[in-house]
Amino acid sequence: MLSRSLFAGRFATGIAGTPVAPAQRFFSSSTVASKARLPHEKIRYVPEVTELKLGTYSPESQRTGVIARKRGMAAMWDEWGVRVPVTVLELEDVQVVSLIKTSNPAHARLQIGCGTRKEKNVTKPLMGHYKAHDVEPKAKLFEFPISPDAALPVGTEITAAHFVAGQLVDVTAPSLGKGFQGVMKRWGFGGGRASHGNSLAHRTPGSTGNINPGRVYPGKKMPGRMGGKNVTVMRLPVMKIDTALNCIWVKGAVPGHDNQFIKVRDSIKLAKKPLFPAGATVPFPTYIPGQSPALPRETIAKIGGQDPLIPASD
């Protein structure tokens, strides 16, 4: 049996008896060589924003999104007197926290914060991040992709006036968790027969495969956890904007429970209906008090078209 000193000496010298550097004792020569050939750190780009000023919006521009809180559902009546279900989203202390570096100069990202949080409830590394950018601790942080011309300085506050009444938005949030559910509720299976030849198999999934290949295919619809995943509902119209309450009214349902943090951004899907209503003034890169035109407290979207309550004449 080798002694401890001899065992250590064999690992401290090379094959030919030459001493080996301490950093190479735990790596083979090929591993050390590959680490030495690693490329240098990639070049990172970040937009240079010196001051907050208005710009000109173009169809190629991509504005930042915001973080809102779902306050519940309500109803309102449009210009024709038709009742419309809406979801109220509140923008609570939404602020630009930092500009994220990217590897492509044609793309940029903004880190947006929402709400407030006590300093005692924030980790030290994250608190250092806030202090480095001179921003108060936030309850939630998200990143949004933008075009370089839509960059905002750190500390810029984003309000409900960032959106235009009548525009289309995409909302993203975790859906309501349903727990562990069967195939009838989770996937809409029809189930087995209610009677006549059915024994304790009314809601079972049935066969999950056959003898060939003798396994269950990946992605097979089976019982499991339902809900609790990020869901994006696209192209929802903004029905009303309240600058005093800092809220936006979005038509239809929004995923998540009340007080849930919701990501709201300009719709990105290309369709026949335009993103912004005709003749609308888009605040770009965002609404800036003192530079942007003054807005009333409430701005309601105009549906246009023909009165749906009056039957069309033949």
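Biologist: Which residue is the bridge partner of K240 in strand 10?

Modeller: The partner of K240 is W249, in a predicted model where local features need pLDDT of at least 70, side-chain atom pairs count only at pLDDT 80 or more, and totals for chains, interfaces and linings use all residues. Residues are numbered from 1 along each chain as its sequence is written, and side-chain values use heavy atoms, with hydrogens and water left out.

Biologist: How do you know that strand 9 and strand 10 pair?

Modeller: Strands are DSSP runs of E with at least two residues, numbered from the N terminus, and two of them pair if DSSP finds at least two bridges between them. Four bridges join strand 9 (residues 230–242) to strand 10, so the definition is met. The two strands run antiparallel and form a hairpin with four residues between them, where N246 in the turn has a positive phi of about 60 degrees.

Biologist: What makes strand 2 a partner of strand 10?

Modeller: Strand 2 (residues 83–90) shares five bridges with strand 10 in the antiparallel sense, and E90 stands opposite C247.

Biologist: Why is strand 10 called mostly covered?

Modeller: Buried means under 20% relative accessible area, with a 1.4 Å probe and protein chains only, and four of the five residues in strand 10 (residues 247–251) are buried.

Biologist: What does I248 touch?

Modeller: Contact means heavy atoms within 4.5 Å, and, not counting residues up to four places away in sequence, I248 touches residues including L89, F163, V238 and V264.

Key: Buried means under 20% relative accessible area, exposed over 50%, partly exposed in between (1.4 Å probe, protein chains only).
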